[in-house]
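Here is a friendly walk through this structure, with the sequence and the model to look at as you read. Keep both open, and let us go from one residue outwards.

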Amino acid sequence: MESLDRTETSRISMPPPLRPGDKVRFVSPASSPDRDRVLRNAEILKGWGLKVDFGEHVFRKWSYLAGTDEERLADLNAALRDPDVRAIFTTRGGKGSYRIADQLDFAAARRDPKFVISFSDITALHLSLLRHCHQVGIHGAFSIGPNEENISPYTHDSLRQALMTTEDIVITARPEEATSRLTTNGAARGRLIGGNLDMVATSAGWALPDMHGAILLLEAIGLYPGQVDRQMTMLRKARHLDGLAGIAIGQFTDFEFDRPYSVIDILREHLAELNVPILGGLPLGHGDRPASALIGAVAEFDAKAGTLVVRRDRT
């Protein structure tokens with residue numbers, strides 16, 4: 001099995017930015033989406049000058065999934081194989097992309113790299129494509145939460161920049177984010193690998209790339225403190241976190257931060273064992289006004305300045 005290691009960083013595949021007139025496709029590899037929200041997002045993309053179409057099963061519902069594994073996989077692979085489709089938007093996360101992440105058409109992805117866009121459960125797809133194809137993906141989305149209909153200008157502009165420009169991405173940490181308490185001193189540079197903690201842990205051993213020399217990105221939503229503790233324990237004791245250059249912590253949403261032994265304390269205990277710089281408080285995840293970032297791209301951060309810069313170049 002191919003894996004991404006420190007000797008292969010020059011092989012990172014950065015999909016080209018989109019241009020007006022390019023076609024994008026919505027697919028649902030995880031849970032079933034809200035149709036109205038998807039259609040609103042499609043109108044935004046059309047406003048950017050893009051053409052939009054939809055996978056055959058995009059609005060299918062099968063229990064808590066957007067169709068059977070076979071249906072969801074068929075739509076995703078069809079988009080990977082279609083030369084007219086220049087980027088793939090997943091309609092939402094939820095549950096289920098991890099069930100099919102090892103069955104993607106990796107040969108098609110290597111022949112014709114294109115961004116897969118979303119986060120949360122879709123982290124499993126980003127990690128698998130990075131492990132097998134060295135392909136960069138976009139950790140980002142238009143909106144989050146069941147009741148959010150208005151997209152913040154920051155989130156809108158950040159996603160458009162990631163998708164349609166060649167500019168480096170600069171993300172500034174926010175002191176009001178609870179994970180800002182984890183910030184240490186120092187700076188780090190390496191491939192930005194990770195995303196949703198639940199999916200990073202789920203992917204360990206089969207979809208998680210080698211992270212030596214990488215900056216690990218973590219965000220989470222709605223886990224019990226014990227779940228975070230178990231996942232971090234497994235990742236650390238199984239040595240998946242050995243050799244990291246640094247750690248970037250995004251938004252941990254729907255946690256009780258004022259309890260005597262909070263998730264911040266749990267994370268601090270585990271991360272301190274790694275003895276690398278940490279930048280917390282990044283607006284990446286399920287919280288307020290999230291940014292977009294490029295998973296697999298070279299990134300660097302300065303903990304004192306509170307900035308994460310994601311580079312477009314390959315080295």
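Ser118 is buried, with a relative accessible area of 5%. Please keep in mind that this is a predicted model. Ser118 belongs to strand β4, and its phi is near 155°, a positive value in a residue other than glycine. Asn275 also has a positive phi, about 55°, although it is not a glycine. Its setting is the loop between α8 (263-272) and β10 (278-279), and at 71% relative accessibility Asn275 counts as exposed. The table puts these two residues together with His126.

| Residue | Location | Relative accessible area | State |
|---|---|---|---|
| Ser118 | strand β4 | 5% | buried |
| Asn275 | loop between α8 and β10 | 71% | exposed |
| His126 | helix α4 | 2% | buried |

His126 links back to Ser118. This histidine sits in helix α4 (residues 123-133) and is buried, at 2% relative accessible area. Beyond residues up to four places away in sequence, His126 touches Val116, Ser118, Gly137, Ile138, His139 and Ile295.

Now to the sheet around strand β4. Six strands form an open sheet with mixed pairing, in the order β2-β1-β3-β4-β5-β11. Strands β2 (51-54) and β11 (293-295) stand at the edges, each with a single partner strand, so one side of each has no neighbour in the sheet. From one strand to the next, the twist averages 30°. As a reminder, strands of a sheet pair through backbone hydrogen bonds, either parallel or antiparallel. Strand β4 (residues 115-118) and strand β5 (residues 137-139) pair in the parallel sense, over two bridges, and Ile117 stands opposite Ile138 in β5. Helix α1 (residues 35-47) lies across β1 (23-27), β2 and β3 (85-90), and runs at about 155° to β2.

Which residues touch the most other members of the largest nonpolar core? They are Leu163, Leu294 and Leu308, in a core of 78 residues. Leaving aside neighbours within four places in sequence, Leu163 is in contact with Pro17, Leu18, Trp48, Leu50, Ala87, Phe89, Phe115, Ile117, Ile138 and Arg312. Ile117 and Ile138, the pair that stand opposite each other across β4 and β5, are thus both among the contacts of Leu163. There is also a second, separate core of 21 residues, which includes Val27, Leu80, Val85 and Leu125.

Finally, let us turn to helix α8. Its buried residues are Val263, Ile264, Ile266, Leu267, His270 and Leu271. Seen down the axis of α8, these fall within an arc of 160°, so they line one face of the helix. The general background is simple: an α-helix has 3.6 residues a turn, so residues three or four places apart point the same way. What do the buried residues of α8 pack against? Their partners are α7 (225-237), β9 (246-253) and β10.

The helix pair itself can be described further. α7 and α8 pack at an angle of about 10°, and their axes are 10 Å apart. With angles under 35 degrees counted as roughly parallel, α7 and α8 are therefore roughly parallel to each other. On the α7 side, the contact is made by Pro225, Val228, Asp229, Met232, Thr233 and Arg236; on the α8 side, Val263, Ile266, Leu267, His270 and Leu271 take part.

Note on methods:
Residues numbered from 1 in each chain as written. Predicted model: local features only at pLDDT ≥ 70, side-chain atom pairs only at ≥ 80, totals over all residues. Heavy atoms only, no water. Pairing = 2+ DSSP bridges. Helix = DSSP H or I, 4+ residues; strand = E, 2+ residues; numbered from the N terminus. Axes fitted to C-alpha atoms, helices over the stretch in contact; angles between N-to-C directions. Contact = heavy atoms within 4.5 Å. Core = buried A, V, L, I, M, F, W, Y, C linked by side-chain atoms within 4.5 Å. Buried < 20%, exposed > 50% of the residue type's maximum accessible area, 1.4 Å probe, protein only. Arc of directions from axis to C-beta. Parallel < 35°, antiparallel > 145°, perpendicular 65-115°, else oblique.
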